[in-house]
Amino acid sequence: MANVDDFWRQLNAKKANKASLSGLSDIPGLTTYSRTLPSKSGNGAASATAVAAAHPPAPATTQVAAALPDQQGLQANIQRDINCLKDQDRSLRRNAITQLQHRLFADTQAQDLQLLQQVVCSSVLVPMARLLADPVEKCREEALNFFTLAAQRLPEPASMLSCLMPAVTGRMGDMPVAEPSEEQRLAITKLVAGPVILRTGPGLLPYLTLVVKVVCRALEDPFHDIKKMPADGIRSQHDDLLLSLLPNLGHQHSRVRASSLAALDTLVIKGASEKSLVHMVAPAVKPLVSDRANAVKEQCFTAVAGWLGASRTFMVHLLPILLLGLSDEGQGIRDATVACLNQVAEKHKAVHASSAANQADKERLTTNGSASSSAGPTSWPAGFTHPFQVTEYVLQASAIWQLALRTTALLLNILTQQPLPCWSQDSAESPPPPATQAMLQSILQAILPPIVADLREWTTGLRLNAARCLHSVLLLSAAAVSPHLPHLLSPLCSAAGDEDAQVAQYVVQAAQVIGAFTPIGHWLPLIVDTVAAPQASLTTRVNALVVLSSMLYAAGVVQQGVEPEQLALLVDALCSDPVRSVDQEPAQQQLLAVIFNTITLAGSGCGSVSQQLWLLLLQLQAADSAPALAAQAAAASHRLAAACALTTTAELAAMHAPALINTVTQHAEEWTAHTPDCHVFSVLLLKCPGHTLQQLLPQALCILGSALQDSDR
């Protein structure tokens, strides 16, 4: 007979599976079979133990949601915890929050994030948001942890903001702040300054007012960690905000540009990174210096002045933008820029007053200044007029000359006296403040190369801005530019032939500044090499003559002294074959300007080179196709005679004709109709007085007879 154990084994034998509720298998707490509650007897207890041993409960798993096929199944799994969020028992509320965090966010990699998003936003969001105002601090803490996890892991956290932001603002947005716990205020600040700002994107726009309230309360909080958190969060969004804001600086409406610039000003002042300021902000702001609205331009220069700080990198990239305001057409903008520049210089001086780097700059500038002082003036030259007024240059009819290489060159008539630049319109002799000059001189080596490079840009506007900026930099740096002349004069000569008249005008003014501030010995050997170079193209030679004439004119205005060796070097270059052989009127016009300004600069010192100068003037007077040029050359001859203490050009001819005719007739047998010496010979005979011509007549007849006998010439 079977014992009791066999009997119970038969009763508990496994039966066929019954129909289970769809989607509810393996859920803790739910069974798919009917069970009878055990009796209170001992046998009943043993029976319950045996049943429990035969049918153990399903083990708890951290991947419950992954096993659920849809939103309804997942919601059924967590519905009890959702209901407990409203329970009066604080322990149940806290445990429910913890369970929801564990069930939903323990392993998001194994879950369907879109399903998780639907469940959280449909049934969990509202009751969880109410717990942010729970009277129990631990419940508020756990609720904030839940929202932090949700904002970090949900694919679309912006969908929570409709409930989250009003609840958060209620705790830490109004005055007085409702949240008494520093830890909870810090958690709220981390939530808002972290994932709420970083991950919600454009969805944050409707709630910006609420975000600003929380940020303001955080910045006002006495706890230092809370103060720091919003600043870090906002700083991390600078690049994204800049990418959206900077295109508006080019909007067609000036009010949009002005508003965007004001917002940009706020962003930069609040802590834009050096990288974004250099590579994003500066290139975007630069076009505003030529804005058609004066209000936008003035706002731009004021903003840039506010951004300029102690950083050398900021100075190199932003200061050229500010300097463009010095050459603006509007007097009000020029005055405002001068004031801003002086303020920046004072700030720069205060910051770097005791730094070792500034001391090194001062030593270098002192060395440069002492080297310059031995040869010329280092102080502000007298006799300058305002540099930034728009002046009309007097151009010849052939001022714009189309060259064979399809290059145009602007050729200025330097014989017309033009005012030279200075700093102040009210006081023609007042220099800029020493702090402003020192600031420019300290960064001159870093600021010049990019400006010079922009002179070669394809766009006329960029070249014009570069020329304007270069003119202002040279004006403020004064004699400190001398060490940079070997790298500066060649680009300056190239830019002097720019096809745009405004660009060429500013380049000529920049050359005048160099001629006025730097000693002649620093730039004359460099420029005459370019003028007299045998391999130089016609364009290069003419542009070099323009720059040389401008420098000589400025040096004469400030009454620089020229040494006899320097004067001889200059005249030898002008009398070289490559220079004398140019027969195009524009080039001859610039050669005449150089001669005229040389006579003005040297004054009575012209006596030692008067013969060579008169030779050049005679050649220019022989230009039959350009009567205006010949007349100006004759006027220059009278000026040369006066410089040599002679009353008329006849006396000049009597002094130099005998020696000069020997010079020009050395190769008479090789003359052609286009030989310069042949033209000089004919004009020389016409300009000589009677008694001088009588002395030269035998030699002249011999040369003329030889030329007439040769039918090929």
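Which helix holds valine 664? Valine 664 sits in helix α31, which covers residues 649-664; helices here are DSSP runs of H or I with at least four residues, strands are E runs of at least two, and both are numbered from the N terminus. The structure is a predicted model, where local features need pLDDT of at least 70 and side-chain atom pairs count only at pLDDT 80 or more, while totals for chains, interfaces and linings use all residues. Residues are numbered from 1 along each chain as its sequence is written, and side-chain values use heavy atoms, with hydrogens and water left out.

Back to valine 664: its relative accessibility is 0%, so it counts as buried (under 20% relative accessible area, with exposed being over 50% and partly exposed in between, for a 1.4 Å probe and protein chains only). Its C-alpha lies 6.8 Å from that of phenylalanine 681, with their positions 17 residues apart in sequence. Glutamine 99, in helix α5 (residues 90-105), is partly exposed because its relative accessibility is 33%. From glutamine 99 to isoleucine 78, 21 residues apart along the chain, the C-alpha separation is 8.5 Å.

As for the overall picture, the chain contains 33 helices and two strands. Of its 713 residues, 47% are buried. The accessible surface adds up to about 34300 Å², and carbon and sulfur atoms account for 55% of that (Shrake-Rupley method with a 1.4 Å probe; for residues, only the protein chains shown count as cover). Taking contacts (heavy atoms within 4.5 Å) between residues at least 6 apart in sequence, 71% link residues at least 24 apart.

Then there is the packing inside. A nonpolar core is a set of buried Ala, Val, Leu, Ile, Met, Phe, Trp, Tyr and Cys residues joined through side-chain atoms within 4.5 Å. The largest one has 142 residues, and the members touching the most others are Leu264, Trp307, Leu319, Leu322 and Trp523. Beyond its neighbours within four places in sequence, leucine 319 contacts Leu308, Phe314, Leu341, Met439, Leu440, Ile443 and Ile447. Apart from the largest core lies another, of 47 residues, including Ile78, Leu144, Leu204 and Val211.

On to the rings: the whole structure yields two aromatic pairs. The ring centres of phenylalanine 146 and phenylalanine 147 are 5.9 Å apart and their planes stand at 80°, so this pair is edge-to-face. The criteria, for rings of Phe, Tyr and Trp (its six-membered ring), are centres within 6.5 Å, with planes under 30 degrees apart counted as stacked, over 60 as edge-to-face and the rest as tilted. Phenylalanine 146 and phenylalanine 147 are both buried, and together with Phe105 they make up one aromatic cluster.

Disulfides (cysteine sulfur atoms within 2.5 Å) number zero. The closest cysteine sulfur to that of cysteine 606 belongs to cysteine 644, and at 6.2 Å it is too far for a bond. Cysteine 606 is buried at 0% relative accessibility, and cysteine 644 is buried too, at 17%.

Finally, confidence. The chain has a mean pLDDT (the predictor's confidence in each residue, from 0 to 100) of 76, and 72% of its residues reach 70 or more. Values stay under 50 over residues 16-69, for which the model has 25 contacts beyond four places in sequence. Residues 367-429 also stay under 50, with 164 such contacts. Where pLDDT is low, the predicted coordinates should not be read in detail.
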